[in-house]
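Got your viewer open? Here is a short tour, one selection at a time.

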Amino acid sequence: MDDRSQKIIDGTKASANDFDTEFLDYILAIKIVDSVEEAIEHISKHSTKHSESILTTNESHTKLFTQSIDSAAVYVNCSTRFTDGGQFGLGCEIGISTQKLHVRGPMGLEELTTYKYIVQGNGQIR
């Protein structure tokens, strides 16, 4: 977490590398930003391009976020835990990817095409 988030919750200060790390555990690297543009900049710098989410009631922020984020799945007001072949109705995944490429379902030559899903909700979780 950054200095601002440490004032809100207890935790260890995040290093620059923490925002580029996939922990595979119950660990978060938290950064508080002052604008949707700063959030997009941070995500663009550190994202694996797998899935990103925004919580907002501002329609212009929704539009800017969904158009600017270059990830396989972009969520608005719902959990990124929906990023799964079974959840997308594509069947089970043969290989698991935490990157932008790889279809969210059975993999073949045709599936090497890149897709971008934009999912909007009202606080849904998986």
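Start by selecting Glu52 and Val74: Val74, in strand 2, is the bridge partner of Glu52. Next door, add Ser53 and Tyr75, since Tyr75 is the strand 2 bridge partner of Ser53. Zoom out a little and you'll see strand 1 and strand 2 pairing in the parallel sense over four bridges. (Two strands count as paired if DSSP finds at least two bridges between them.) As a reminder, strands of a sheet pair through backbone hydrogen bonds, either parallel or antiparallel.

Before going further, some ground rules. Residues are numbered from 1 along each chain as its sequence is written, and side-chain values use heavy atoms, with hydrogens and water left out. You're looking at a predicted model, where local features need pLDDT of at least 70, side-chain atom pairs count only at pLDDT 80 or more, and totals for chains, interfaces and linings use all residues.

**The whole fold**

Switch to cartoon. There are three helices and three strands, and along the sequence they run α-α-β-α-β-β. Helices (H or I, at least four residues) and strands (E, at least two) are DSSP runs, numbered from the N terminus.

Now colour by pLDDT, the predictor's confidence in each residue, from 0 to 100. The protein averages 85, with 80% of its residues at 70 or more. Among the elements, helix 3 has the highest mean, 97, and strand 3 (residues 117-124) the lowest, 88. Where pLDDT is low, don't read the predicted coordinates in detail.

**The sheet**

Select the three strands: they make an open sheet in the order 1-2-3, with parallel pairing. Strand 1 and strand 3 are the edges, each pairing on one side only. From one strand to the next, the twist averages 25°; the axes behind such angles are lines fitted to C-alpha atoms, and angles run from 0 to 180 degrees between N-to-C directions.

How many residues of strand 2 are buried? Six of its six, so this strand is mostly covered. Buried means under 20% relative accessible area, exposed means over 50%, and partly exposed is in between (1.4 Å probe, protein chains only). For the protein's 126 residues, 30% count as buried.

**Two positive phi angles**

Stay on strand 2 (residues 73-78) and pick Asn77. Its phi is near 60°, a positive value in a residue other than glycine. Asn77 counts as buried because its relative accessibility is 17%.

Then jump to Lys49, in the loop between helix 2 and strand 1. Phi of Lys49 is near 70°, also positive in a residue other than glycine. Lys49 is partly exposed, at a relative accessible area of 29%.

**The largest pocket**

Last stop: select Leu28, Ala29, Ser51, Glu52 and Thr80, which lie nearest the centre of the largest pocket among its 42 lining residues. Helix 2 (36-46), strand 1 (51-54) and helix 3 (59-68) are the elements that give two or more residues to the lining. Helix 2 contributes the largest share, five residues.

A pocket here is an open set of points on a 1 Å grid over the protein atoms alone, where a 1.4 Å probe fits, with protein on both sides within 12 Å along at least five of seven lines; lining residues have an atom within 4 Å of a point. The volume is about 1700 Å³, meaning the space filled by probe spheres set on the points.
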